[in-house]
Amino acid sequence: MPAPSKLPPFDPADPLGIDDLLSPEDLAIRDAVRSWAADRVLPHIAEWYERGELPGIRELAKELGSLGALGMSLEGYGCAGASAVQYGLACLELEAADSGLRSLVSVQGSLAMYAIHRFGSEEQKQRWLPGMAAGEIIGCFGLTEPDHGSDPASMRTHAKREGGDWVLSGRKMWITNGSVAQVAVVWAQTDEGIRGFVVPTDAPGFSAPEIKHKWSLRASVTSELVLDEVRLPEEAVLPEGTGLRGPLSCLSHARYGIVWGAMGAARSSFESAVAYSKTREQFDRPIGGFQLTQAKLADMAVELHKGILLAHHLGRRMDAGRLRPEQVSFGKLNNVREAIEICRTSRTILGANGISLEYPVMRHATNLESVLTYEGTVEMHQLVLGKALTGLDAFR
Ligand SMILES: Cc1cc2nc3c(=O)[nH]c(=O)nc-3n(C[C@H](O)[C@H](O)[C@H](O)COP(=O)(O)OP(=O)(O)OC[C@H]3O[C@@H](n4cnc5c(N)ncnc54)[C@H](O)[C@@H]3O)c2cc1C
């Protein structure tokens, strides 16, 4: 090993030198998203969070479209055709601002657009994807129901054929972007198994009341979808992706973005804790000079950068077409769980200030409570891995 003086300097922001794995194009995309978030989101996010709103969501969506962040890793139809690693870097930077922003982008790109791109007809793709990539059309993805979350196979929303039409009835719950969406991808039981439907939200019988009183993801629109005999033409059904395979493959794509995103929330909290520990003095010394604080900082840095490295590894596998759903579960389980721990530990370093919205830490921590649950709870990912490790299915 060369003498330390001959080595590149230690970078506290990148202690493992992970940036060496990134191309100049990767770095340019990351920097563009980071500076957009610093300019457009960070100055306002605490206020939006306190108000429980994401004002200007349509404008923000268009700006995210101009950045190429919507349907970022999809090919054609106005999408950026970026690599999985580049998409992941964008998710990390957006979630470093707020999980609500990353949720908007994940649902739009990895759920609604991905479903149409992967399972839709050419006509559906032409009709919806360019406007969605530009952020002019906002989409949502309705899988969860009031009585069926982790077990979507038991969903009750159903569609039946009537003449040449489909008639769709049921309720979906906790749907991100629901009340602002112009298009909803809705999954329903049919005589042919579970099928996906592309539903224009101005269709008669469709409504999307917003869910209020959330204490997590407050700067994100979450809604119920009510489908009261919504009549749709034959062309509204996604021709491919029959059965649970359809929605599950969309979820796998979105979960991959979360593997990266969660590390963004963790990074923001960790940076807050480091900065605070260097200026806050107790017992006549900066608290960062106490061994117990340094142990917390060191342990957080280890988990943060291990998590980023893991996200990177999964991204490279996805780019090589070798990423398995079990590996996505591995990443989501680890990174969201560790991100919450980093936020909680950061909060302790900030003491009472840690609970204030003047710092991002508590906002990230409460956001991550949703992230821990959506796109498969901790327990669901443990069961996925448990089954893969033992060959024994413990879901029921
Ligand atoms: C802010 C937010 C946004 C969301 N956005 C969307 C969206 O855009 N689209 C969408 O379709 N959904 C969305 N969801 C819903 C989310 O995906 C579900 O909440 C999630 O799948 C869990 O379902 P549930 O809440 O019904 O919990 P449940 O499935 O009722 O689970 C409750 C608890 O029981 C555990 N559990 C269940 N089954 C088992 C088992 N077999 N073994 C052990 N433990 C078990 C779970 O792990 C969990 O801890 C969102 C949720 C939130 C909070």
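Around the ligand stand 18 residues (a residue is near a molecule if one of its heavy atoms lies within 4 Å of it), and of these T144, S150, W174, T377 and E379 come nearest. The model is a predicted one, in which local features need pLDDT of at least 70 and side-chain atom pairs count only at pLDDT 80 or more, while totals for chains, interfaces and linings use all residues. Residues are numbered from 1 along each chain as its sequence is written, and side-chain values use heavy atoms, with hydrogens and water left out.

**The ligand and its shell**

- Domain 2 (139-243) and domain 3 (246-390), whose bounds come from an automatic or database domain assignment, both contribute residues to the shell around the ligand, so the ligand lies between them.
- By residue class, the shell divides into 9 nonpolar, 7 polar and 2 charged residues, where Ala, Val, Leu, Ile, Met, Phe, Trp, Tyr, Cys and Pro count as nonpolar, Asp, Glu, Lys and Arg as charged, and the others, Gly among them, as polar.
- A polar side-chain atom of T144 lies 2.7 Å from a nitrogen atom of the ligand, and a polar backbone atom of W174 is likewise 2.7 Å from a ligand nitrogen atom.
- In the side chain of T176, an N or O atom is 2.8 Å from a nitrogen atom of the ligand.
- Taken alone, the ligand exposes 980 Å², of which the protein buries 67%; accessible areas come from the Shrake-Rupley method with a 1.4 Å probe, and for residues only the protein chains shown count as cover.
- Two or more residues of the shell come from each of the elements β3 (165-176), α10 (361-373) and α11 (378-390), helices (H or I, at least four residues) and strands (E, at least two) being DSSP runs numbered from the N terminus.

**Cysteines**

- A search of the whole structure finds 0 disulfides, a disulfide being a pair of cysteine sulfur atoms within 2.5 Å.
- C91 is in no disulfide, and the nearest cysteine sulfur, that of C79, is 14 Å away.
- C91 counts as buried (under 20% relative accessible area, with exposed over 50% and partly exposed in between, using a 1.4 Å probe and protein chains only) because its relative accessibility is 0%.
- C343 is also in no disulfide, since the nearest cysteine sulfur, that of C91, is 17 Å away, and C343 counts as buried at 0% relative accessibility.

**Q124 in helix α6**

- Q124 lies in helix α6, which covers residues 122-133, and Q124 is buried, with a relative accessible area of 5%.
- The side chain of Q124 reaches the backbone nitrogen of S121 at 2.8 Å.

Definitions and conventions
Polar contact = N/O pair within 3.5 Å; in protein donor to acceptor, adjacent residues only side chain to side chain.
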